Amino acid sequence: MEILLLIIYSGIVWLIFFKFKLLPWNTVSQVIVYIIPVVAISLLILFLNIVAPSSHDVRVLNYNVEIVPTVTGMVTEVKVKPNQHVKKGDTLFKIDPVPFQLKVDNLKSRIPSLEAKVLSARAYDRELEDQISGATNRIHVIDAQLDLAVKREQQTKQLADLGAGSKFDYEQAQANLSNLQAQRTVALSEKSQYLQRISAVNTEGELSEITQARAALEQAQVELQEAEWKLSQTVYLAPSNGRIVNLQLRPGTIAVQFPIKPVLTFIEDEQWIIALYNQNEIRYVKDGDPAEVALKTYPNKIIKCKVDHIIWANAQGQITASGRLPDTQESHLTEGRFAVRLSVSEADKDLFLAPGAIGQGAIYTEKGALIHLVRKVIMRVGTKMDWLVLKLH
């Protein structure tokens with residue numbers, strides 16, 4: 001653009017001083033003629049860099065997901081190819097499900113027996129309560145019989161002492177009394193044993209046998225859920241729409257659940273354009289300002305954008321947490337740039353932007369609208385130059 005302006009200016013000078021000779025071509029006029037374009041172009045560039053700042057470091061960025069299997073096993077099938085585009089939910093690869101299915105089947109076969117143990121423990125609890133009730137009733141019956149036996153023993157003793165009764169009847173009454181006392185002692189002992197068994201409860205008053213059986217059942221159910229989840233992970237699905245790169249899998253290889261050993265890289269379709277600017281260039285830039293981008297992958301193509309937001313932070317603004325005091329000595333660090341995130345306009349939404357593509361761009365602020373045209377011309381001339389491949393071989 002500057003060259004074009006100089007050519008136009010040179011034409012005007014030629015017409016004035018040489019063609020029509022409207023002014024004399026002397027030392028004064030020569031100095032003025034040479035100074036005007038230098039000052040004018042310098043001022044134009046200075047104002048352009050403020051009201052329509054440009055960046056020669058524009059990048060297309062995408063989220064990269066390193067795919068690591070959540071279970072370890074032998075790969076039986078790879079459903080994708082390198083650089084293939086897939087949609088969310090498409091199958092990427094499969095791991096041999098047999099070991100995981102056996103684990104699920106084993107746990108499913110254990111659960112009915114554990115459920116039966118819970119029911120048996122609850123039945124045992126009810127049985128203990130019935131046994132305690134029965135022992136209590138037996139003690140009441142024995143107590144009634146014991147009262148009668150005591151009276152009978154006293155009566156037979158009185159009759160035997162008076163000679164009105166036989167000594168045998170007295171001895172028989174004594175034997176009956178001793179027998180009933182022994183039965184009462186046995187009944188009390190049984191009731192004590194039942195009470196001791198039923199007293200083994202947890203803090204919620206549940207019998208320990210029930211607690212243990214229920215805990216074993218719940219543990220098996222949790223293990224079954226985990227085993228079923230692992231079984232589901234033998235089929236790995238695409239987390240979103242994207243493209244497959246760095247595919248390492250082949251049928252028969254062992255996919256290992258190891259975070260630093262991905263089996264492929266998944267590049268999501270979601271992307272954004274970042275333009276890097278010096279810190280004093282974006283003083284007037286606001287969210288929503290129109291912008292243009294020209295990428296090397298699309299020579300002679302202007303991509304319309306708008307400012308999504310400015311990332312007001314860079315690495316120079318971070319102090320790493322450590323036990324050392326901040327180092328405040330003078331250093332010669334270069335000025336850190338700020339990134340401006342650009343969103344592509346609806347007209348160019350379907351345009352494929354390769355992750356890692358670079359180019360140039362410009363933002364048009366609300367100020368200096370009259371000279372925005374100069375920046376747009378510069379942008380369009382620059383993207384036409386991208387057709388040239390400047391190599392010597």
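**Strand pairing and a buried threonine**

Pro 290 has Lys 306 as its bridge partner in β10. This comes from a predicted model, and the pair belongs to a longer stretch of pairing: strand β9 (residues 290–295) and strand β10 (residues 303–311) run antiparallel and are joined by four bridges. Strand β10 also has a second partner, since β10 pairs with strand β11 (residues 338–344), again in the antiparallel sense, this time over six bridges. Within that second pairing, Val 307 finds its bridge partner in Leu 342 of β11.

Another set of strands is built around β2 (residues 73–78). On the one hand, β2 is joined to strand β7 (residues 254–255) by two bridges, with the two strands running antiparallel. Here Gly 73 sits opposite Ala 255 of β7. On the other hand, three bridges link β2 to strand β4 (residues 91–95), and this pairing is antiparallel as well. Glu 77 takes Lys 94 as its bridge partner in β4. As a general point, side chains in a regular strand alternate between the two faces of the sheet.

Turning to a helix, Thr 383 lies in α6, which spans residues 372–385. Thr 383 counts as buried because its relative accessibility is just 1%, where the cut-off for buried is under 20%. Leaving aside residues up to four places away in sequence, Thr 383 touches Ala 294, Tyr 298, Pro 299, Asn 300, Lys 301, Ile 302 and Gln 360. One of these contacts, Ala 294, falls within the residue range of β9.

Note on methods:
Residues numbered from 1 in each chain as written. Predicted model: local features only at pLDDT ≥ 70, side-chain atom pairs only at ≥ 80, totals over all residues. Heavy atoms only, no water. Pairing = 2+ DSSP bridges. Buried < 20%, exposed > 50% of the residue type's maximum accessible area, 1.4 Å probe, protein only. Contact = heavy atoms within 4.5 Å.
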